[in-house]
Amino acid sequence: MEKPEKLIVDGKRLDGRGPEELRPLKIQAGALKRADGSAYVELGANKVLAAVYGPRELHPRHMQQPDTAVLRCRYNMAPFSVEERKRPGPDRRSVEISKVIREALEPVVFTKLYPRSGIDVFVEVLQADAGTRTAGITAAAVALADAGVPMRDLVSAVAVGKVDDTIVLDLTKEEDQFGTTDMPVAMLPRKRVITLLQMDGSFIEEEFERALALAMKGCEQIYEAQKQALKARYSIKPEEG
Ligand code: CDP
């Protein structure tokens, strides 16, 4: 990808968005037949699937916890998901992202209800354009709800950052690559508790405050779309009684 001269021209980003706008978002709850729960998310050019299995007896058994379920997450990028073919299999980045996704989701799951069990979350990135860890969390939360896993709240996630000295919501790959700062955030929308906050680059304190507020506003929008997706799947239509 070639570095564009400017990422923001006359207050508009290269894809036509204003600084505080999300990319087009589509969420489908229950996209897969074989998983206990699933969700498909498109955010701009990102395409992410999440599949959930469990709660079920955890194997290998030595990993079982007598008083709680174990939440396991695997983030994986398809080889064809990025510009330069990604070598299949785990790497440093995917191991880190799997860990932060688990930590972002764990606080909402009532794990204590399922001793000796495992809940497995698979996040598969089919097409990537920056923000895949946050899109993965958004999809995984809907997939957990779709699986009927008891939860305190959903988890909604989006990245914010700084591009050409402007604080922006939901960076594209181009903005992530040539901008100054990228800060992915996940939030429990009802409790407004942050469960993921990473930062690549830097902010001065005032910028950080503004960026975090913008991320939280973005998460609220994502939350509405997550709820709509779950309602669309589970609401009883009048004609069905
Ligand atoms: O996807 P996310 O923003 O959560 O993570 P990142 O590590 O900041 O990666 C940003 C973007 O770089 C990804 O979404 C992909 O579009 C791209 N990328 C890539 O092209 N090749 C890789 N091996 C990894 C990431």
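This passage describes helix packing, the largest pocket and unusual backbone geometry in a predicted model.

Helix α2, which spans residues 132–146, takes part in two of the helix contacts considered here, and its packing against helix α4 (residues 205–234) is described by an angle of about 30° with the two axes 11 Å apart. Because angles under 35 degrees count as roughly parallel, α2 and α4 are therefore roughly parallel to each other, and their crossing is right-handed. On the side of α2 the contact is made by Thr-138, Ala-141, Val-142, Ala-145 and Asp-146, whereas α4 contributes Ile-222, Gln-226, Leu-230, Arg-233 and Tyr-234. Sorted by class, this contact of α2 with α4 comprises six nonpolar residues together with two polar and two charged ones.

The packing of α1 against α2 is described by an angle of about 45°, the axes being 10 Å apart, which makes α1 oblique to α2. The crossing in which α1 passes α2 is right-handed. Here α1 supplies Arg-93, Glu-96, Ile-97, Ile-101, Ala-104 and Leu-105, and these residues are met by Thr-132, Arg-133, Ile-137, Ala-140, Ala-141 and Leu-144 of α2. The contact of α1 with α2 has, by class, eight nonpolar residues, one polar residue and three charged residues. Ala-141 of α2 appears both in the contact with α4 and in the contact with α1.

The largest pocket holds about 660 Å³ of space. Its lining is formed by 25 residues, of which Arg-93, Ala-130, Gly-131, Lys-173 and Asp-176 are the closest to the centre of the pocket. Two or more lining residues are given by each of α1 (92–105), α2, α3 (173–178) and β10 (181–188), and the helices α1 and α2 that pack against each other are thus both among the elements that contribute to the lining in this way. Arg-93, one of the residues closest to the pocket centre, is also one of the α1 residues that make the contact with α2. Divided by class, the lining of the largest pocket consists of nine nonpolar, six polar and ten charged residues.

Several backbone features may be noted separately. The peptide bond that runs from Gly-54 to Pro-55 is cis, with omega near 0°, and Pro-55 is placed in strand β5 (residues 46–57). A cis peptide bond also joins His-59 and Pro-60, where omega is about 0°; Pro-60 is found in the loop between β5 and β6 (70–77). Asp-170, although it is not a glycine, has a positive phi of about 60°, and this residue is found in the loop between β9 (166–169) and α3. Helix α3, at which that loop ends, is one of the elements that give two or more residues to the lining of the largest pocket.

Note on methods:
Residues are numbered from 1 along each chain as its sequence is written. This is a predicted model: local features need pLDDT of at least 70, side-chain atom pairs count only at pLDDT 80 or more; totals for chains, interfaces and linings use all residues. Side-chain values use heavy atoms; hydrogens and water are left out. Axes are lines fitted to C-alpha atoms, for helices over the stretch in contact, and angles run from 0 to 180 degrees between N-to-C directions. Helices (H or I, at least four residues) and strands (E, at least two) are DSSP runs, numbered from the N terminus. Angles under 35 degrees count as roughly parallel, over 145 as roughly antiparallel, 65 to 115 as roughly perpendicular and the rest as oblique. A crossing is left-handed if the near helix is turned anticlockwise from the far one by less than a right angle, and right-handed if clockwise. Contact means heavy atoms within 4.5 Å. Ala, Val, Leu, Ile, Met, Phe, Trp, Tyr, Cys and Pro count as nonpolar, Asp, Glu, Lys and Arg as charged, and the others, Gly among them, as polar. On a 1 Å grid over the protein atoms alone, a cavity is a set of points where a 1.4 Å probe fits but cannot get out, and a pocket is an open set with protein on both sides within 12 Å along at least five of seven lines; lining residues have an atom within 4 Å of a point. Grid points are joined across faces, edges and corners, and a volume is the space filled by probe spheres set on the points.
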